[in-house]
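Student: I should like to learn how to read a protein structure, feature by feature. May we work through one together?

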Amino acid sequence: MKKLLIRWVILAVSVILASLVTQALNLGFQTSVDGVGSFLQLLVGVAILAFANATLGKLLKLLTLPLNCLSFGLFSVVINAVVLIIVANLKMGFAFTEKGTLAGLFAAVVASVLISCISAFLNRFVSDKKDD
């Protein structure tokens, strides 16, 4: 249970760091963490993102399997970006400033790749051994 909470916080930190990088690049992915209440809202949004990625993301990847095979798996990045856009529209701690444009999709792709990379890097410091 402790590892689940640690990974949940790691994903929230990954979203915050990805937001900082995309804001520095002026892409339009932002988080609003002003206090404890907004951080708790971000944690709920991250939990929704993880659930949507585990359910909707897997379903979309299954439905687009031929396209994913043709693109050597690169279409998975677009699916992750679409799931991120869907969850960001709920305004649960993170959002996109530009919606419905190609720039918004590019920002979502960059943000999803950054979230994945930062999360993978930080999760390397959490052991996979069973809790004692």
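The dialogue below takes up burial, backbone angles, a pocket and aromatic rings in turn.

Tutor: Please keep in mind from the outset that this is a predicted model.

Student: Let us begin with burial. Is Ser19 buried or exposed?

Tutor: A residue counts as buried when its relative accessible area is under 20%. Ser19 has 0% relative accessibility and is therefore buried. Ser19 belongs to helix α1, which covers residues 2–24.

Student: Which residues is Ser19 in contact with, leaving aside its neighbours within four places in sequence?

Tutor: With those neighbours set aside, Ser19 contacts Phe29, Gln30 and Thr31. Strand β1 covers residues 29–31.

Student: Where is Val15 found, and what does it contact beyond its neighbours within four places in sequence?

Tutor: Val15 is also part of helix α1. Its relative accessibility is 0%, so Val15 counts as buried. Beyond the sequence neighbours just mentioned, its contacts are Phe29, Thr31, Leu42, Val46, Leu49, Phe94 and Ile115.

Student: How far apart are Val15 and Gly93 in sequence and in space?

Tutor: In sequence they are separated by 78 residues, while in space their C-alpha atoms lie 9.7 Å apart.

Student: I should next like to understand the backbone angle phi.

Tutor: Most residues other than glycine have a negative phi. A positive value in such a residue is therefore worth noting, because most have a negative one. In this model, Phe72 has a phi near 55 degrees, although it is not a glycine. Lys91, likewise not a glycine, has a positive phi of about 55 degrees.

Student: Where do Phe72 and Lys91 lie?

Tutor: Phe72 is in the loop between α3 (65–70) and α4 (75–88). Lys91 is in the loop between α4 and β2 (94–96).

Student: Why does Phe72 count as exposed, and why does Lys91 count as partly exposed?

Tutor: The exposed class begins over 50%, and partly exposed residues fall between that value and the buried class. Phe72 counts as exposed because its relative accessibility is 78%. Lys91 counts as partly exposed because its value is 42%.

Student: How should I read a pocket?

Tutor: One may consider its volume, its lining and the elements that supply the lining. The largest pocket here holds about 180 Å³ of space. Its lining is made up of Leu11, Leu49, Ala50, Asn53, Asn80, Leu84, Ser112, Ile115, Ser116 and Ser119.

Student: Which helices each supply at least two residues of that lining, and which supplies the largest share?

Tutor: At least two residues each come from α2 (36–63), α4 and α5 (102–123). The largest share, four residues, is supplied by α5.

Student: How many of the lining residues are nonpolar, polar and charged?

Tutor: Five are nonpolar, five are polar and none is charged. Leu49 and Ile115 belong to this lining, and both were named among the contacts of Val15.

Student: Finally, how many aromatic pairs does the structure hold?

Tutor: There are three aromatic pairs. In one of them, the ring centres of Phe29 and Phe96 are 4.9 Å apart and the planes meet at 45 degrees, so this pair is tilted. The pair links distant parts of the chain, for Phe29 in strand β1 and Phe96 in strand β2 are 67 residues apart. Phe29 and Phe96 are both buried.

Student: What kind of pair do Phe121 and Phe125 form?

Tutor: Their pair is edge-to-face, with 5.4 Å from centre to centre and 90 degrees between the planes. Phe121 and Phe125 are both exposed.

Student: Which residues form one aromatic cluster?

Tutor: Phe29, Phe94 and Phe96 form one such cluster. Two of these residues, Phe29 and Phe94, are also contacts of Val15.

Notes:
Residues are numbered from 1 along each chain as its sequence is written. This is a predicted model: local features need pLDDT of at least 70, side-chain atom pairs count only at pLDDT 80 or more; totals for chains, interfaces and linings use all residues. Side-chain values use heavy atoms; hydrogens and water are left out. Buried means under 20% relative accessible area, exposed over 50%, partly exposed in between (1.4 Å probe, protein chains only). Contact means heavy atoms within 4.5 Å. On a 1 Å grid over the protein atoms alone, a cavity is a set of points where a 1.4 Å probe fits but cannot get out, and a pocket is an open set with protein on both sides within 12 Å along at least five of seven lines; lining residues have an atom within 4 Å of a point. Grid points are joined across faces, edges and corners, and a volume is the space filled by probe spheres set on the points. Ala, Val, Leu, Ile, Met, Phe, Trp, Tyr, Cys and Pro count as nonpolar, Asp, Glu, Lys and Arg as charged, and the others, Gly among them, as polar. Rings of Phe, Tyr and Trp (its six-membered ring) pair if their centres lie within 6.5 Å; planes under 30 degrees apart count as stacked, over 60 as edge-to-face and the rest as tilted.
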